[in-house]
Amino acid sequence: MSDTLQTKAQVINQFLPEKLTTKHSAEAFAPSNIALCKYWGKRATELNLPTNSSLSISLGHLGSHTRISHSENGADVVKLNNRTQDEQSSFCRKVIAFINLFRRDQSIPLVIDTRNNIPTAAGLASSASGFAALVLAINDFFELRLTKVQLSAFARMGSGSASRAIYTGFVRWDMGKQEDGMDSVASQLDFQWDDFCIGLIKVSSAKKPVDSRSGMDRTTATSSLYQNWPAQAAADLITLQKAIENRDFSAMGACAEQNAMSMHATMISAWPPLVYWLPESLAVMQRVWQLRESGIAVYFTMDAGPNLKLLFEESSRKLLETEFPQMDIIQPFKSH
Ligand code: 2P0
């Protein structure tokens with residue numbers, strides 16, 4: 001797997017005016033998303049170019065709000081959930097490094113204020129919605145008039161899954177094949193599924209020992225099962241898209257669950273092994289399998305962590321709320 005020769009700065013620079021103009025302030029929102037066909041592995045790390053296409057469902061009103069305004073004191077200020085972040089913190093450094101791709105050498109001190117409304121109890125990553133909201137706010141603040149394709153490509157350079165967070169509903173991120181990644185972008189599938197429910201079950205709030213970026217790198221470098229992954233993901237993407245088009249909930253759920261388990265199989269066979277599951281994760285999986293045996297259409301998916309996301313329809317909601325009282329329920333297609 002070789003890295004592309006182009007840097008983020010080189011790719012982005014082609015789409016920027018020489019001298020930036022600025023607004024007084026700009027604000028943007030991007031939703032969090034959960035992959036039904038996972039992004040797992042990169043063919044090029046600098047631009048976060050994936051080895052497979054992926055498909056996600058966005059989480060409606062749950063995500064990140066980012067506001068950009070001029071800083072009065074001549075220095076950048078980065079805030080997260082109303083708290084000013086230390087300039088050495090990894091959050092602050094990531095945000096400033098990303099903004100600098102656009103600001104380049106122009107002295108425009110900024111206040112970048114991000115608020116996540118993802119319930120802390122949900123155990124969801126916020127880098128996808130965070131980078132998508134940031135790129136949308138940058139586009140507005142600097143009056144760049146970028147297209148959605150460009151916004152998705154630039155969000156991907158912050159975090160792969162952020163490419164999908166430019167859109168709502170069902171979103172497909174095509175892996176693309178160009179070296180500059182400008183064809184590795186997401187698009188929205190034109191399908192509503194009003195009864196679709198996602199149940200977030202958090203089994204642990206402990207910081208995970210290996211973050212998903214490192215986990216992905218370790219898996220691609222050391223797991224012999226990984227070689228099967230790109231072909232399986234490609235087949236799953238087709239199955240999922242058909243199931244969504246046909247409103248076939250069981251076909252959709254079964255494919256999403258098997259896709260997540262296959263991704264975890266590649267992690268488990270990495271070295272050193274990556275087992276994100278906790279005993280409580282397995283207990284929830286087993287309960288889901290029992291419920292399915294008894295005729296309830298419920299499936300799960302999991303990311304690089306111990307928490308589960310249940311997939312079900314409105315008709316099973318009451319029963320599942322009783323089974324899993326700790327679950328946060330999201331209906332991506334219902335307005336709140
Ligand atoms: C996904 N994950 O499709 C997959 C499933 C985790 C497991 O996207 O390195 O934070 O920033 O591109 O986007 C999490 O990985 O990785 C992720 P980077 P990212 O949702």
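1. Contact here means heavy atoms within 4.5 Å. By that criterion, α7 lies across β10, β11 and β12 (308–313). Its direction runs at about 35° to β11. Note that the model is a predicted one.

2. The sheet beneath this packing is open and has 4 strands. Their order is β11-β12-β10-β13, and the pairing is antiparallel. β11 (299–302) and β13 (328–330) are the edge strands; each has a single partner, so one side of each is left without a neighbour in the sheet. From one strand to the next, the twist averages 30°.

3. Within the sheet, β10 (residues 196–201) pairs with β13 over 3 bridges, in the antiparallel sense. Ile 198 stands opposite Ile 330 in β13.

4. A further helix packs on the sheet: α8 (residues 279–293) touches β10, β11 and β12. The direction of α8 makes about 155° with that of β11.

5. The loop between α7 and α8 holds Trp 277. Is Trp 277 buried, exposed or partly exposed? Trp 277 has a relative accessible area of 22%, so it counts as partly exposed; the buried class requires under 20%. Leaving out residues up to four places away in sequence, Trp 277 touches Met 261, His 264, Ile 268, Leu 282, Met 285 and Met 302. With His 264 there is also a side-chain polar contact of 3.1 Å. Asp 76 is 39 Å from Trp 277, C-alpha to C-alpha, and 201 residues apart from it in sequence.

6. Helix α5 (residues 212–222) has Gly 215, Met 216 and Thr 219 buried. Viewed down the α5 axis, the buried residues fall within an arc of 100°, so they line one face of the helix. They pack against β2 (42–44) and α7 (249–268). At the N-terminal end, Asp 211 acts as the cap of α5: a side-chain oxygen lies 3.1 Å from the backbone nitrogen of Arg 213.

7. The largest nonpolar core has 86 residues. Which members touch the most others? They are Phe 102, Phe 170 and Phe 196. Helix α3 (residues 127–141) gives the largest share of this core, 8 residues. Beyond its neighbours within four places in sequence, Phe 102 is in contact with Ile 12, Leu 16, Leu 20, Val 135, Ile 138, Leu 144 and Phe 154.

8. There is a second, separate core of 17 residues. Among its members are Cys 197, Val 298, Leu 308 and Met 327.

Key:
Residues numbered from 1 in each chain as written. Predicted model: local features only at pLDDT ≥ 70, side-chain atom pairs only at ≥ 80, totals over all residues. Heavy atoms only, no water. Buried < 20%, exposed > 50% of the residue type's maximum accessible area, 1.4 Å probe, protein only. Helix = DSSP H or I, 4+ residues; strand = E, 2+ residues; numbered from the N terminus. Arc of directions from axis to C-beta. Polar contact = N/O pair within 3.5 Å; in protein donor to acceptor, adjacent residues only side chain to side chain. Core = buried A, V, L, I, M, F, W, Y, C linked by side-chain atoms within 4.5 Å. Pairing = 2+ DSSP bridges. Axes fitted to C-alpha atoms, helices over the stretch in contact; angles between N-to-C directions.
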